[in-house]
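Visitor: Could you walk me through the charged and nonpolar features of this chain? Short answers, please.

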Amino acid sequence: MENVFDFSRFWKYFRYDLRQAYSRYGVNLLMLGLMPVFFCVVWSIISLLLNQGWTTPDIGFRIGFFWVPFIALCIFFPSKLYGHLTDRRPGSEWLLIPASRLEKFLSMMLISLFVIPVAFLLLYVCADGLLSLVIPDYGTALVSLNLNQILAEKAEGIIRLTGGGFWLLWMMAAEYILVFLLGALCFRKAKVGYTILVLMGLGFVTSILGTLLGLPMLGPAMDMYEEKVEAMALQFVEHADFYVNLFLSLRLLILGGGLSLAIWFRLKALKH
């Protein structure tokens, strides 16, 4: 068992992996986390140049801008941290590190799915919260927002997400990260570009198959089971929050589990 997993050895490797992550991506992470400051400064300067006086972005623009560094983080950091493993020399050095493949895999998952996303969110909400404290007209800090309150207005209160929406945010990050981490370990060059092309191809194929298989069956099925469909729809509305959260959790379990399994086998097959 010690050849597969030893906690002391894993902890040493995990600390080493953390130092490598900080060395490779620390500055980038800091820049992405401080993006609220950059956005506010640029917004205010443009406002002054347009003779509109000193203004700051309202909450809607700040929510929209948040997705720029968030998506950039999920797409680019996996190849920055682990893309070098497909190169001969760095990959060989990684294979020779005295730790089992399981320990290296667990460390990779912990850093990719928890350490980096949580560090980014903490930096981002702290920077945004500090601006809301020191600038009077900056508005409400993003960390105080609750997605369930917004859904209560839009969906008449029938849907409530676990964790006030932060659980959904983490699920989205996890899915993106796992996809681009797998791409970083599979492609030797243009890792992000090839991964996006594969996703576009899969999306196109599934759309075609869904259309070809779904449309011929949809009409007869609706006619045959119209009453059952109406009953199911009413049941869904009555328990919408349960079914939505169940769907999101199952999606993460199936998609995230499948991608994690693929990453594990890719690491097992990694040779130089």
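## Charges, contacts and a patch

Guide: Take the nonpolar patch as the starting point; helix H5 (residues 101-134) gives the most to this patch, with 5 residues. Bear in mind that this is a predicted model.

Visitor: Which residues make the nonpolar surface patch, and what is its area?

Guide: The members are Leu 18, Leu 110, Phe 114, Val 115, Val 118 and Leu 122. Together they make a nonpolar surface patch of about 450 Å².

Visitor: Where is Phe 114 found, and what does its relative accessibility make it count as?

Guide: Phe 114 is found in helix H5. Its relative accessibility is 41%. Partly exposed lies between the 20% and 50% cut-offs. Phe 114 therefore counts as partly exposed.

Visitor: How many salt bridges does the count come to?

Guide: The rule asks for a side-chain nitrogen of Lys or Arg within 4 Å of a carboxyl oxygen of Asp or Glu. By this rule, the count of salt bridges comes to 4.

Visitor: What is the N to O distance in the salt bridge of Arg 9 and Glu 103, and how many residues apart are they?

Guide: The side chains of Arg 9 and Glu 103 meet at 2.9 Å, N to O. This pair links distant parts of the chain, with Arg 9 in helix H1 (residues 7-33) and Glu 103 in helix H5. The two are 94 residues apart.

Visitor: Is Glu 103 buried or exposed?

Guide: The relative accessibility of Glu 103 is 0%. Buried means under 20%, so Glu 103 counts as buried. Its partner Arg 9, at 25%, is partly exposed. For Glu 103, the answer is buried.

Visitor: Which helix holds both Glu 93 and Arg 89?

Guide: Their side chains meet in a salt bridge at 3.6 Å, N to O. Glu 93 and Arg 89 are 4 residues apart, about one turn of the helix. Glu 93 counts as partly exposed at 47% relative accessibility, and Arg 89 as exposed at 66%. The helix that holds both is H4 (residues 88-96).

Visitor: With which residue does Glu 175 form a salt bridge?

Guide: The closest N and O atoms of this bridge are 3.1 Å apart. The pair links distant parts of the chain, from helix H7 (residues 166-186) to helix H10 (residues 240-269), 76 residues apart. Glu 175 counts as buried at 11% relative accessibility, and its partner as partly exposed at 40%. That partner is Arg 251.

Visitor: Why does Lys 191 have no salt bridge?

Guide: Lys 191 is buried, in helix H8 (residues 191-224). A salt bridge needs the N and O atoms within 4 Å. The nearest side chain of opposite charge is 5.5 Å away, so Lys 191 has no salt bridge under that cut-off. That side chain belongs to Asp 87.

Visitor: Which backbone oxygen does the side chain of Lys 191 reach?

Guide: Lys 191 touches Ser 79, Gly 83, Thr 86, Gly 183 and Ala 184, not counting residues up to four places away in sequence. The side chain also reaches a backbone oxygen at 2.3 Å. That oxygen belongs to Phe 187.

Visitor: Is Asp 128 buried or exposed, and which residues does it touch?

Guide: Asp 128 is found in helix H5. At 1% relative accessibility, Asp 128 counts as buried. Leaving out residues up to four places away in sequence, Asp 128 touches Pro 36, Arg 62, Tyr 138, Thr 140, Ala 141 and Leu 142.

Methods. Residues numbered from 1 in each chain as written. Predicted model: local features only at pLDDT ≥ 70, side-chain atom pairs only at ≥ 80, totals over all residues. Heavy atoms only, no water. Buried < 20%, exposed > 50% of the residue type's maximum accessible area, 1.4 Å probe, protein only. Lys, Arg positive; Asp, Glu negative; His and termini not counted. Polar contact = N/O pair within 3.5 Å; in protein donor to acceptor, adjacent residues only side chain to side chain. Contact = heavy atoms within 4.5 Å. Patch = residues over 30% accessible without salt bridge, like charges linked within 9 Å, V, L, I, M, F, W, Y side chains within 5 Å. Areas by Shrake-Rupley, 256 points an atom, 1.4 Å probe, with all protein chains shown as cover.
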